[in-house]
Amino acid sequence: MKKYTYSAKESDNKKKWCVIDAEGQILGRMATVIAARIRGKHNPLYTPHVDTGDSVVVINADKILMTGNKWKQKEYHRHSGYVGGIKSITAEKLMEKRPAVKGMLPKNRLGRELNKKLFVYSGDQHPHGSQKPEVIEL
């Protein structure tokens, strides 16, 4: 008798929407929960190469916390490959440009598709009420 490993298909996933309130949450800990939810690791049908995750709406992103003085002191560096090509940006300015969850997703086609399922809003209002999102408590 042969045993087969089940591999989920795109049609097997019941796509859900969820809302996470970022007010008073620590950035890194919240980002790991969001990344796992987007990838579908909470789902028993999780398959690494298939999108089995949910769409996530993050509200109150402007009230997120970082411990200590990291907003002003923590710097992120990138280098162009040329002499003198190092660029630095503080965490405060980087957060204005893009959310932190993108770096926790796969760096391939699937990761680019999963990143489209994250919606971040600075206030407590969002336009996704018609999807009937469930509220996730962290």
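I read along the sequence first and found the pattern β-α-β-α-β-β-α-α-β-β. I am working with a predicted model.

**Elements.** I counted the pieces next. The protein has 4 helices and 6 strands.

**Extent.** I looked up the span of the C-alpha trace. Along the principal axes of the protein, the trace spans about 60 × 40 × 25 Å.

**Contacts.** I took the contacts with a separation of 6 or more. Residues 24 or more positions apart account for 65% of them.

**Burial and surface.** What share of the 138 residues counts as buried? I noted 33%. I then turned to the accessible surface of the protein, which comes to about 9600 Å². Carbon and sulfur atoms hold 53% of that surface.

**Charges.** How many positive and negative side chains does the protein have? I listed 26 positive and 14 negative side chains. The centres of the two sets lie 9 Å apart.

**A negative patch.** Which residues gather in a patch of negative charge on the surface? I wrote down Asp-21, Glu-23, Asp-62, Asp-124 and Glu-137.

**Asp-124.** I picked one residue of this patch, Asp-124, for a closer look. Where does Asp-124 lie? I found Asp-124 in the loop between strand 5 and strand 6. Strand 5 covers 118–120, and strand 6 covers 134–136. I also checked the exposure of Asp-124. Its relative accessible area is 48%. Exposed means over 50% and buried means under 20%, so Asp-124 counts as partly exposed.

How values were computed:
Residues numbered from 1 in each chain as written. Predicted model: local features only at pLDDT ≥ 70, side-chain atom pairs only at ≥ 80, totals over all residues. Heavy atoms only, no water. Patch = residues over 30% accessible without salt bridge, like charges linked within 9 Å, V, L, I, M, F, W, Y side chains within 5 Å. Areas by Shrake-Rupley, 256 points an atom, 1.4 Å probe, with all protein chains shown as cover. Salt bridge = Lys/Arg side-chain N within 4 Å of Asp/Glu carboxyl O. Lys, Arg positive; Asp, Glu negative; His and termini not counted. Charge placed at Lys NZ, Arg CZ, Asp CG, Glu CD. Helix = DSSP H or I, 4+ residues; strand = E, 2+ residues; numbered from the N terminus. Buried < 20%, exposed > 50% of the residue type's maximum accessible area, 1.4 Å probe, protein only. Contact = heavy atoms within 4.5 Å.
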